[in-house]
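Reader: Please take a close look at one part of this model, then place it against the rest of the fold. Keep the cut-offs explicit.

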Amino acid sequence: MTQILNLLQGILFPINSCFYYCPTNTLMVLQHKSCSYNRKCDNLQKYQGIQSSLPGSWKLIDHVEKCSLQAQGKAYVHDGGELDAFPHIQTLKVFPKEELFAKVVMVRFDSTILLQKKLDLKTQVTSAVSTIKYLFEAGAKIILLSDWSMKINSKLPVVESVAEFLSSVLQLKVSSSRCISNFSLSKTEDLAKEDILLLENLSEFKGELANCSKFAEQLSSVIDIFVNDSFSNSHKILASTVGVPPFCSACVAGFHFEESLCQLKSLFHEKPCIAIIGGGNLFDKATAVRYLASRCDGLVFVGMMAFQIMHALGLHVPLNLLEGGALKEASNIIQLARNRKIPILYPKDFWCTTNDFPKQMEIFPAHGILDGWTPVDLGPKALDEINSLLRDCKEIIWIGPVKFRLPSQVISGASKLVSTLDKLTQSNCKITVIGNMACQAVMKESSFVSDYNMVENASVVWEFLKGRRLPSLMALDRAYPFVIDWNAAYSHPFQPLVVDIGSAFIDNQFLEFLDISQVEQLANMHSLPALLNDFYVLKESGPIFHTMASIVSGDDIWELFWELVTKKHRWEYVAWNGLFLLTMAKRRKDLNFLGLEINEKLVRRCLDCVHQSSIMNGYFIATNATSTFRSIVSSYPGELVLVSIQMCPNPDFNKPEHRWRMLQRSLVEAIADRLASDGKVFLQSDIEAVAVRMKEHFLKYGKGKVSVEDNEESAEKDRKGWLKENPFGVHSDWEQHVVDRGAPMYRLMLSKSYSPPTPTH
């Protein structure tokens, strides 16, 4: 074997853990990489701590001991239901810059920002432009992609004129190409000639809106890395935002996308917080309004929704101002506000006009609008009440326009509202304005535009407030949500690193040592009938390893099972492969061992051992390695010398489509990129089809950097090329189980060839 294998002399098998504990008694603070957004939209500040709810407060933790991460990333609506938090995504800001050099990077940009007739480089345009310039400076080949219409800029009807316009904005040469319609993206020679290439208008292709997989594959045929910088489309399912990512080795958020995401994450952080709600269609937005009522300290209605609230309060409202089905929803919102003892403010008077005399305007009280008259603007009493309520606010969220049924050229409610908000910005009140019309009012009337946070596309925010996932956000690569303090993890953080990726499995044979009467007693004692049911399910499932978490009903039942096992002292029958890796960490103190495992329930027990044994070169993280491997390993200060992936059987393995999910292209490419020259990848499974698939994935997606290790005379192979013996000399628990029953193991060692240092651009 090579020097690395000689160095190890042992097996590296899946370690199943996370870092609830420190390896030592040293206190350790987790640093969250999510950011807050200040009103000038230019400061991304890192927080230290764990997110206890989102959007919501941030809880700083003094220590990690027995800190549960299960509640991480959850926000709760008024009825106790959960609102999914934003996932922690990979961003361009933290993506290794050296890995961009000479790569083909597709940027899905936001045309509503970069193609505006009047660009203000002091606003969101700055971050949108910075994304492209940053990629250019990093030496990437850039393909720009978007959709646009004449409404955005009537002077840009065709791709050639858009390319010319972007060249002036970016101060970089942008060339146009019609390779999509010519089906020649994969064959285009333009990439070799130009650094920045703009493709055709996506709105001209049906495959875009249909999220056609063939169309998405065509778009991504030459792409290495995908950068989504079009946050305004994140609520839509498009081929260019959702379909393309699976075909790329890395999918990250651009600077503008991250900036917009941070704006949403920063909502509801200050108290008191008031929501100003404009526009109509309460029936469809009721869930979002209820969420606002559950998080804010008061609601102010300044649009058509106000009449639905007034109707639910029993006030007279003309029939033509009512929305179908909105009465019940409005009543629920009012009841929620009463339960929370927060005010709901609706306009007490309106400026109204009539069809017969459209230029004649009169003020009517809210409950006394005469037939034939239609509200067009907020009255003076309404504005005075709003000013009074907002006076002491520390945060204001204005979403939706000050707009009623008929448009009017003489309305001034929005401008007067902006005047009030302007004064508040100067008293350290954080103000977020959401929606095109509301943002336009601020930009037109405000003297302090830079002091506002503005999100022009309200649809994305409404979807977020409804608790719905944003499809294009979910399509991006995940990033590990914490900055890892490697100095706290390891006593010598610069030592070569060995990463083991796998699953913890429990041999159900240990159940043979459990007395059924004990199980029944515990089930009755804790009123958990499912405990007994799970026991029988496990007993009848045959002598095969199972992922305990996929069978038992919940945390409580899991703890009881563990209690039974530990009382019997039958640890040897529990396939804690993590313990094996910890044993190797004890033997080889000149290496650092990192285990990545997705199951938090299982890894807690390994961390007990870490804590009790005072192991200084073992560290364990509960995470999905497929999506977070790159972000975790990229931050490690030493070299990655070995990655071990050992696929054990799973109940789902009788379904072929489930066998391949455990090793995906993104993980293979991340390993190939981060592995040191002459580094090794050890693959092993007792299912030949799984081992073959893993091998094929590394040879196909390893970018030509990894190959099968075949120059070791001591490594005896069978006729198919599988290693007959474990090259490290020690069997894992599962491997020993397979060998004892006379079944074969399929092993393979891959090696990364030497590559010269990547030049800087």
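Author: **A buried threonine, a sheet and two cores**

Threonine 628 is buried, with a relative accessible area of 4% (buried means under 20% with a 1.4 Å probe, protein chains only). This is a predicted model, in which local features need pLDDT of at least 70, side-chain atom pairs count only at pLDDT 80 or more, and totals for chains, interfaces and linings use all residues. Residues are numbered from 1 along each chain as its sequence is written, and side-chain values use heavy atoms, with hydrogens and water left out.

Threonine 628 sits in helix α24, residues 625-634 (helices are DSSP runs of H or I of at least four residues, strands runs of E of at least two, numbered from the N terminus). Leaving aside neighbours within four places in sequence, threonine 628 contacts Arg478, Ala479, Tyr480 and Thr623 (contact: heavy atoms within 4.5 Å).

Elsewhere, six strands make an open, parallel sheet ordered β9-β10-β8-β7-β11-β12 (strands pair if DSSP finds at least two bridges between them). Its edge strands, β9 (175-176) and β12 (250-253), each pair on one side only. Three bridges join β8 (141-145) to β10 (196-198); isoleucine 143 has leucine 197 of β10 as its bridge partner.

The largest nonpolar core has 103 residues, of which Leu299, Leu390, Trp398 and Leu465 touch the most other members (a core is a set of buried Ala, Val, Leu, Ile, Met, Phe, Trp, Tyr and Cys residues joined through side-chain atoms within 4.5 Å). A second, separate core of 41 residues includes Phe482, Leu640, Leu663 and Trp722.

Technical notes:
Buried < 20%, exposed > 50% of the residue type's maximum accessible area, 1.4 Å probe, protein only.
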